[in-house]
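Subject: Structure for your review

Dear colleague,

Please find below the sequence and structure that I am handing over to you. My findings follow directly after it.

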Amino acid sequence: QVQLVESGGGLVQPGGSLRLSCAASGSIFRINAMGWYRQAPGKQRELVATITSDASTNYIDSVKDRFTISRDNPKNTVYLQMNSMKPEDTAVYYCNAEIRTSRFYNPRDYWGKGTLVTVSS
């Protein structure tokens, strides 16, 4: 069994910062790409940022220069540093990871349960 557990969500004022963390645990052989998605009320889930196993990153345009994704491979953890936050960043943020549980099995996607981020004054 593999679990992804997010933390760090909460209420922040416009212009403020938050740091999300997501730790993977369980039967893990290798973690490939990791990422953060978000789903705002009434909208579809969207990809926010991804990071490969060799730390190559990708962001949606709306968060470039404000958000930074990083990972700590020995800790099986991915982070999302969010700065200069805007009300439109309000959403439930989900962690995603492509994980191989054995060298005999193909990797598959795993998801966290989400953490709520609210940007409001």
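In this predicted model, a network of salt bridges links Arg-38, Glu-46, Arg-66 and Asp-89. Searching the whole structure gives four salt bridges. As general background, side chains of opposite charge can pair when their charged atoms come close.

I shall take the pairs of the network in turn. Arg-38 and Glu-46 form a salt bridge in which the closest N and O atoms are 2.7 Å apart. Are these two residues buried or exposed? Glu-46 has a relative accessibility of 34% and therefore counts as partly exposed. Arg-38, in contrast, is buried, as its relative accessible area is 6%.

Arg-38 also forms a salt bridge with Asp-89, with a distance of 3.0 Å from N to O. Where do Arg-38 and Asp-89 lie in the chain? Arg-38 belongs to strand S4, which covers residues 30–39, while Asp-89 sits in the loop between strand S8 (77–82) and strand S9 (91–100). Because the two residues are 51 residues apart in sequence, their salt bridge ties together separate parts of the chain. Asp-89 is buried, with a relative accessible area of 0%.

Asp-89 has a salt bridge with Arg-66 as well, and here the closest N and O atoms are 2.8 Å apart. This pair, too, links distant parts of the chain: Arg-66 is in the loop between strand S6 (57–59) and strand S7 (67–72), and Asp-89, in the loop between S8 and S9, is 23 residues apart from it. Arg-66 is buried, with a relative accessible area of 9%.

A separate point concerns Thr-52. This residue is found in the loop between strand S5 (46–51) and S6. Its relative accessible area is 30%, so Thr-52 is partly exposed. Which residues does Thr-52 contact, leaving aside its neighbours within four places in sequence? They are Asn-32, Ala-33 and Arg-71. As for Ala-91, the C-alpha atoms of Thr-52 and Ala-91 are 24 Å apart in space, and the two residues are 39 residues apart in sequence.

When you open the structure, I would suggest beginning with Asp-89, which forms salt bridges with Arg-38 and with Arg-66. From Arg-38, you may then proceed to its salt bridge with Glu-46.

Yours sincerely,
A colleague

Methods:
Residues numbered from 1 in each chain as written. Predicted model: local features only at pLDDT ≥ 70, side-chain atom pairs only at ≥ 80, totals over all residues. Heavy atoms only, no water. Salt bridge = Lys/Arg side-chain N within 4 Å of Asp/Glu carboxyl O. Buried < 20%, exposed > 50% of the residue type's maximum accessible area, 1.4 Å probe, protein only. Helix = DSSP H or I, 4+ residues; strand = E, 2+ residues; numbered from the N terminus. Contact = heavy atoms within 4.5 Å.
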